[in-house]
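Open the model in your viewer and keep the selection box at hand. We will go from stop to stop, picking a few residues each time and looking at what is there.

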Amino acid sequence: MSQQAETPFPRLWEESENTPYISFMQMLKIKEVCAAHQPEHKMHCYQSAVSGLSYGFILVGLAHLVLHRKAQSSYGRHMAPSCPGRKVPARPAWFLQEMPALLIPLLLMFLMHESSAVGKHLLLKTFCLHYFQRTFVYALLTRGQPFPLSVMMAAAFFCSINGFLQAHYLLHCAHLDDAWLSGYPCKIGLLMFYTGMAINVHSDYILRNLRKPSEVVYKIPTGGLFQYVSGANYFGEIVEWFGYAVATWSLPTLSFAVFSLSFIGPRAHYHHRFYQEKFKEYPKSRKALIPFLL
């Protein structure tokens with residue numbers, strides 16, 4: 001009598017005199033054994049795409065600095081009254097353009113079972129937290145002017161690409177272990193991030209309450225970090241993203257911090273010039289972006 005070939009699957013059924021049968025519990029056991037012998041599915045890290053997008057963000061940010069030396073992007077207070085094109089009310093515009101940066105990381109996080117636990121932890125505590133606040137708090141409370149549709153679409157496109165880049169890197173490319181969360185770079189970075197976020201949120205609150213809902217005039221912001229800089233909200237966001245880069249210590253996160261500095265740093269400069277030209281009594285000691293320096 002020949003021996004049966006060995007198999008990793010145990011004999012999980014009992015045979016009667018004529019017909020084999022399988023109970024419900026035995027079927028569940030077979031399913032568990034089969035699943036245990038299936039190869040694990042892991043998300044592939046697209047390192048070339050991550051590097052390409054990261055360097056692309058840095059180049060685009062630097063190009064923006066060069067191209068906007070004499071004029072600021074046309075939205076908000078810097079938008080010309082006769083600006084052509086369709087406009088979108090500020091609240092839905094901010095909501096729609098910020099949403100992809102929150103939705104895409106969450107989808108990647110919950111649809112892929114194999115991902116870095118530390119990366120997921122940092123993604124939720126930094127990137128997703130910021131865009132949750134921007135999507136569901138800032139966007140619903142803002143009193144800004146309508147956006148050109150083209151500006152909103154460009155911002156939504158960037159948020160989509162950046163949301164994928166940051167989430168994919170932290171979930172599937174970053175080599176961070178549990179000890180990283182207790183290390184100094186992570187602690188310092190998170191401290192910077194939360195400090196910057198507090199400054200950003202508080203500054204937005206001050207700007208939002210400068211005027212009554214029916215007013216359309218501009219006023220000099222006071223209080224908080226506005227005592228020292230004209231772009232306190234921008235300063236807070238820049239500190240956030242450089243803290244995010246320190247906490248994760250990677251090229252993709254650094255590229256986003258550089259991109260943010262390149263875009264909103266000049267905007268703080270133009271806000272500062274706007275206040276100086278509009279208000280003769282504007283404080284002479286107040287800087288544009290960095291307290292006491294710039």
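Select Asp204 to begin: with a relative accessible area of 6%, this residue counts as buried, where buried means under 20% relative accessible area, exposed over 50% and partly exposed in between (1.4 Å probe, protein chains only). This is a predicted model, in which local features need pLDDT of at least 70 and side-chain atom pairs count only at pLDDT 80 or more, while totals for chains, interfaces and linings use all residues. Residues are numbered from 1 along each chain as its sequence is written, and side-chain values use heavy atoms, with hydrogens and water left out.

Now add Arg134 to the selection. Asp204 and Arg134 form a salt bridge, with their closest N and O atoms 3.3 Å apart; the term stands for a side-chain nitrogen of Lys or Arg within 4 Å of a carboxyl oxygen of Asp or Glu. Arg134 is buried too, at 7% relative accessible area. Asp204 sits in helix H7 and Arg134 in helix H5, so the pair ties together parts that are 70 residues apart in sequence. How many salt bridges does this rule count? The count comes to one.

Stay with helix H5 and pick Val137, which lies in that helix. Val137 is partly exposed, at 34% relative accessible area. Add Phe132, Phe136, Leu140 and Leu141, and you have a nonpolar surface patch that, together with Val137, has about 410 Å² of accessible area. Such patches are made of residues with over 30% relative accessible area and no salt bridge; like charges are joined within 9 Å, and nonpolar side chains (Val, Leu, Ile, Met, Phe, Trp, Tyr) within 5 Å. The areas come from the Shrake-Rupley method with a 1.4 Å probe, and for residues only the protein chains shown count as cover.

Next, click on Thr142, in the loop between H5 and strand E4 (147-148). Is Thr142 buried or exposed? Thr142 is buried, with 8% relative accessible area. Leaving aside neighbours within four places in sequence, Thr142 is in contact (heavy atoms within 4.5 Å) with Ala90, Arg91, Trp94 and Arg208.

Time to go inside. Select Leu123, Phe127, Tyr131, Trp241, Tyr244 and Phe256: of the 32 residues in the largest nonpolar core, these touch the most other members. A nonpolar core is a set of buried Ala, Val, Leu, Ile, Met, Phe, Trp, Tyr and Cys residues joined through side-chain atoms within 4.5 Å. Helices that each supply at least two residues of this core include H2 (47-67), H3 (90-111) and H9 (251-278). Helix H6 gives the most, with eight residues. The core draws at least three residues from each of domain 1 (85-182) and domain 2 (183-293), with bounds from an automatic or database domain assignment. Zoom in on Tyr131: not counting residues up to four places away in sequence, Tyr131 touches Glu98, Ala101, Leu102, Cys159, Trp241 and Phe256.

For the next stop, choose Phe274 in helix H9. Phe274 counts as buried, at 18% relative accessibility. The C-alpha atoms of Phe274 and Ser230 are 9.8 Å apart, with their positions 44 residues apart along the chain.

Finally, zoom out. The chain has nine helices and four strands, taken as DSSP runs numbered from the N terminus (helices H or I, at least four residues; strands E, at least two). Of its 294 residues, 40% count as buried.
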